[in-house]
Structure formats: structure tokens, C-alpha cells
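Work through the exercises below with the model open. Try each task before reading its solution.

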Amino acid sequence: MPTLLFINACVRGKDSRTLALCERLLTSIKEANQKDMAFKIEEIRLSTENLIPLNYERLQRRDELLANGIYEDSMFDYANAMAQADMIVIAAPYWDMSFPASLKIFLEAASVVGITSVSYTHLRAHETDQYL
């Protein structure tokens with residue numbers, strides 16, 4: 001069964017207009033896909049997660065894990081969830097010209113070379129080949 005990962009960055013819970021819009025979207029997706037495929041919806045509610053920004057020590061640990069090919073560490077749970085999802089829906093309010101800091105921290109944790117993205121070296125080499 002395909003997985004729809006719902007990243008909920010709405011801090012106001014049921015009082016959130018953004019969440020209400022997103023719930024309508026999720027309902028429409030479910031209804032539209034009932035005949036062809038049913039999505040398993042997994043929600044990550046950022047307001048209840050223990051989100052920790054990367055600092056020097058966490059970056060060192062992350063780099064060490066990646067250098068040793070250890071992708072199943074809990075540090076990479078968000079990246080693995082994003083990589084395994086067939087569809088991703090993000091609900092985030094936009095206030096004061098920005099979005100919630102929790103979403104930025106989540107995206108930082110979920111963006112991992114080798115899990116959710118290719119290596120920068122690979123991209124540079126590929127881009128260079130285009131001009132040869």
C-alpha cells in the first residue's frame with residue numbers, strides 16, 4: 001500500500017485554518033484514490049516532536065554515521081520517512097513572511113545525502129560533464 005507522509009507544522013491544532021485546508025486535501029486524495037489505490041497516511045505532527053537543530057556535535061555525529069554507511073540510526077528517522085513516502089503533503093502556516101521554525105528544523109533533519117538526496121560531488125561531476 002502506498003504511503004502518504006503528512007508533515008503537520010500547524011501549531012494551533014484544530015484552530016488552524018491551514019490544517020483545515022490540508023484535511024480537506026487529504027480527504028480529497030483518499031476519495032480520488034479509493035478505487036485505484038488506498039494510501040496509508042502517516043502523520044508527523046511537528047508540535048509534538050522533539051526537534052533539535054543541528055549543532056557542531058550533532059553534525060560531527062551525523063558525518064560519522066554517514067561515513068560508516070549507517071543510515072538506520074534514529075538521527076535519520078525523518079530522512080528515511082521522507083525517502084520511503086510515495087507522496088508528501090506539508091501543512092504549514094505562513095505568518096509574518098515565514099513558516100514555523102519547526103518545519104525548518106524538520107527539513108534540515110530530513111535532508112540527508114544518501115537517503116533523500118544525491119551527493120554534491122556527484123552533482124558537480126555531472127554538471128561538469130555537460131560542458132565537455
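**Exercise 1. A loop residue with an unusual backbone angle**

Locate methionine 97 in the fold, then describe its backbone and its exposure.

Solution. Step 1: methionine 97 sits in the loop that joins β3 to α4. Keep in mind that this is a predicted model. Step 2: read the backbone. Phi of methionine 97 is positive, about 65 degrees, although the residue is not a glycine. Step 3: classify the exposure. Methionine 97 has a relative accessible area of 71%. The cut-off for exposed is over 50%. Methionine 97 is therefore exposed.

**Exercise 2. Another residue of that loop**

Repeat the analysis for aspartate 96: where does it lie, and what is its phi?

Solution. Step 1: aspartate 96 belongs to the loop between β3 (87-91) and α4. Step 2: its phi is near 50 degrees, a positive value in a residue other than glycine. Step 3: the relative accessible area of aspartate 96 is 75%. Exposed means over 50%, so aspartate 96 counts as exposed.

**Exercise 3. A nonpolar surface patch**

Which residues form a nonpolar patch on the surface with Leu107? Is Leu107 buried, partly exposed or exposed?

Solution. Step 1: the patch consists of Ile88, Ile90 and Leu107. Together they have about 210 Å² of accessible area. Step 2: place Leu107. It lies in helix α4, residues 101-110. Step 3: its relative accessible area is 30%. Buried needs under 20% and exposed over 50%, so Leu107 is partly exposed.

**Exercise 4. The largest pocket**

What is the volume of the largest pocket, and how many residues line it?

Solution. Step 1: the volume is about 300 Å³. Step 2: 18 residues form the lining. Nearest the centre lie Asn50, Arg58, Ser74, Met75 and Tyr78. Step 3: sort the lining by class. Nine residues are nonpolar, seven are charged and two are polar. Step 4: trace the lining to helices. At least two residues come from each of α2 (56-67), α3 (77-84) and α4.

**Exercise 5. The whole fold**

Write the order of elements from the N terminus on, and state what share of the residues is buried.

Solution. Step 1: count the elements. The protein has five helices and three strands. Step 2: the order is β-α-β-α-α-β-α-α. Step 3: of the 132 residues, 32% are buried. The cut-off here is under 20% relative accessible area.

Conventions: Residues are numbered from 1 along each chain as its sequence is written. This is a predicted model: local features need pLDDT of at least 70, side-chain atom pairs count only at pLDDT 80 or more; totals for chains, interfaces and linings use all residues. Side-chain values use heavy atoms; hydrogens and water are left out. Patches are made of residues with over 30% relative accessible area and no salt bridge: like charges are joined within 9 Å, nonpolar side chains (Val, Leu, Ile, Met, Phe, Trp, Tyr) within 5 Å. Accessible areas come from the Shrake-Rupley method with a 1.4 Å probe; for residues, only the protein chains shown count as cover. A salt bridge is a side-chain nitrogen of Lys or Arg within 4 Å of a carboxyl oxygen of Asp or Glu. Helices (H or I, at least four residues) and strands (E, at least two) are DSSP runs, numbered from the N terminus. Buried means under 20% relative accessible area, exposed over 50%, partly exposed in between (1.4 Å probe, protein chains only). On a 1 Å grid over the protein atoms alone, a cavity is a set of points where a 1.4 Å probe fits but cannot get out, and a pocket is an open set with protein on both sides within 12 Å along at least five of seven lines; lining residues have an atom within 4 Å of a point. Grid points are joined across faces, edges and corners, and a volume is the space filled by probe spheres set on the points. Ala, Val, Leu, Ile, Met, Phe, Trp, Tyr, Cys and Pro count as nonpolar, Asp, Glu, Lys and Arg as charged, and the others, Gly among them, as polar.
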